Amino acid sequence: MLPTAEQIPTSMSSQEATVTALHDRDQARRLSRLATEALLAEVELSPKPGLVDPTSCASHDDMDVETFRASIDAISPWFPVLHETGRAGHRDGPARFLERLRRPGMGCEDAMFAATRGVNTHKGAVFAFGLLLGCAGRLAAGGLPVTVHTLTALAGRMARPLVEVELPSVDRPGTFGEVAFVQHRLAGARGEAASGYASVRLRALPAYRAVLEDRGDQRAALLQALLVLLATTDDTTLVKDGSLDGLRHVQRSAHELLETGGVRAPDALTRLCRLDADLTARRLSPGGCADLLAVTHFLAHLPSGDD
């Protein structure tokens, strides 16, 4: 879709506007492809403690790796739509921008539920990538580069109303995240977004890059990033029945693995498999960390923008 008249600066010629629109369309395709690849990389990774992968359904009896693949196929066509929606709302304030993204975000969720027959495979990922792709479109409309720095900074600014206004107004919590906020003041996925994905940007992404540079092994790099997320993130999908016990157990267990070297330890895969069995037996599934791992993979393929 070419930009509307109100989206084109008055100083921009028709030819320049067309070139800009084509560039933005190419960017939308490229970033949408990166988001899809990130989600596939996450679900294909193994062993993932407590999470669905090609060798295990973990504690889930309603989903397997094929459910996730079908979900990814269903939600991926919405990614360019989210980018374009963000581009169209590049003059919106944060609250209006979020509201604009909500409609295609719900369409994306509906596509997921239709493909999985009602199973929630990627609701958190739809939220994260909906925001990130929308913000990428907004940056493109302003002629700004999409880098780790610019994208996470804008996502944080746009998501701030979610923790400053939306969460504090919850009276009857209906999700793990809302229960965790009301009872423990943990902001969950909304807090991660409002922080500009600090858990990824400051911890998981550096861990991923360090292992990738050291070993040239993306699987090992992703597993190390996952361990870092498990050890340091307040994943509200682990706050069950109002208790923090599951969350703290996962954090302690992952921290112990990192203390022994993480994926650099000679018996790393054995330890990961043991942790997977442990979390499966406890029916603990750190879905929030899985979403952040996909975000890590996505951001790892963007320029840092720190220069």
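A residue counts as buried when its relative accessible area is under 20%. By that yardstick, buried residues make up 52% of the 307 residues in this protein. Keep in mind that we're looking at a predicted model.

**The overall picture**

What is the fold built from? There are 13 helices and zero strands, so reading from the N terminus you meet α after α. As for dimensions, the C-alpha trace spans about 60 × 50 × 35 Å along its principal axes. The radius of gyration is 19 Å, and that agrees with the value near 19 Å that a compact globule of 307 residues would have. Contacts also reach far along the chain: of those with a separation of 6 or more, 72% are between residues 24 or more positions apart.

**Helices packing on α4**

Helix α4 covers residues 94–116, and two other helices pair up with it here. Two packed helices are described by the angle between their axes and the distance between the axes.

Take α2 (residues 65–75) to begin with. Its axis comes within 8 Å of the α4 axis, and the two cross at roughly 145°. The contact is made on the α2 side by Thr67, Ala70, Ser71, Ala74 and Ile75, and on the α4 side by Cys108, Ala111, Met112, Ala115 and Thr116. Sorted by character, these residues come out as seven nonpolar, three polar and no charged. The crossing of α2 with α4 is right-handed.

Then there's α3 (residues 79–88), which packs against α4 at about 155° with the axes 10 Å apart. How do α3 and α4 run relative to each other, roughly parallel or roughly antiparallel? Angles over 145 degrees count as roughly antiparallel, so that is the label for α3 and α4. Their crossing is right-handed. From α3, the contact uses Val81, Leu82, Thr85, Gly86 and Ala88; from α4, it uses Phe97, Arg100, Leu101, Pro104 and Gly105. This contact of α3 with α4 splits into six nonpolar, three polar and one charged.

Ala114 also sits in α4. Is Ala114 buried or exposed? Its relative accessible area is 63%, so Ala114 is exposed. Ala128 lies 14 residues from Ala114 in sequence, and the C-alpha atoms of the pair are 20 Å apart in space.

**Backbone oddities**

A few spots in the backbone deserve a look. In the loop between α1 (14–44) and α2 you'll find Pro47, and the peptide bond joining Ser46 and Pro47 is cis, with omega about 0°. Then there are residues with positive phi, gathered here:

| Residue | Phi | Location |
|---|---|---|
| Ala58 | near 55° | loop between α1 and α2 |
| Arg185 | about 60° | just after α7 |
| Tyr197 | near 55° | loop between α8 and α9 (198–215) |

Ala58 and Tyr197 have positive phi values in residues other than glycine. Why does Ala58 count as buried? Its relative accessible area is 16%, and the cut-off is under 20%. Tyr197 is at 2% relative accessibility, so Tyr197 counts as buried too.

**Around α7**

Helix α7 takes in residues 176–184, and within it Gly177, Glu178, Val179, Ala180 and Phe181 are buried. What covers them? The cover includes α8 (188–194). Arg185, with its positive phi, comes just after α7.

How values were computed: Residues are numbered from 1 along each chain as its sequence is written. This is a predicted model: local features need pLDDT of at least 70, side-chain atom pairs count only at pLDDT 80 or more; totals for chains, interfaces and linings use all residues. Side-chain values use heavy atoms; hydrogens and water are left out. Buried means under 20% relative accessible area, exposed over 50%, partly exposed in between (1.4 Å probe, protein chains only). Helices (H or I, at least four residues) and strands (E, at least two) are DSSP runs, numbered from the N terminus. Contact means heavy atoms within 4.5 Å. Axes are lines fitted to C-alpha atoms, for helices over the stretch in contact, and angles run from 0 to 180 degrees between N-to-C directions. A crossing is left-handed if the near helix is turned anticlockwise from the far one by less than a right angle, and right-handed if clockwise. Ala, Val, Leu, Ile, Met, Phe, Trp, Tyr, Cys and Pro count as nonpolar, Asp, Glu, Lys and Arg as charged, and the others, Gly among them, as polar. Angles under 35 degrees count as roughly parallel, over 145 as roughly antiparallel, 65 to 115 as roughly perpendicular and the rest as oblique. The radius of gyration is taken over C-alpha atoms; the globule rule is 2.2 Å times the number of residues to the power 0.38.
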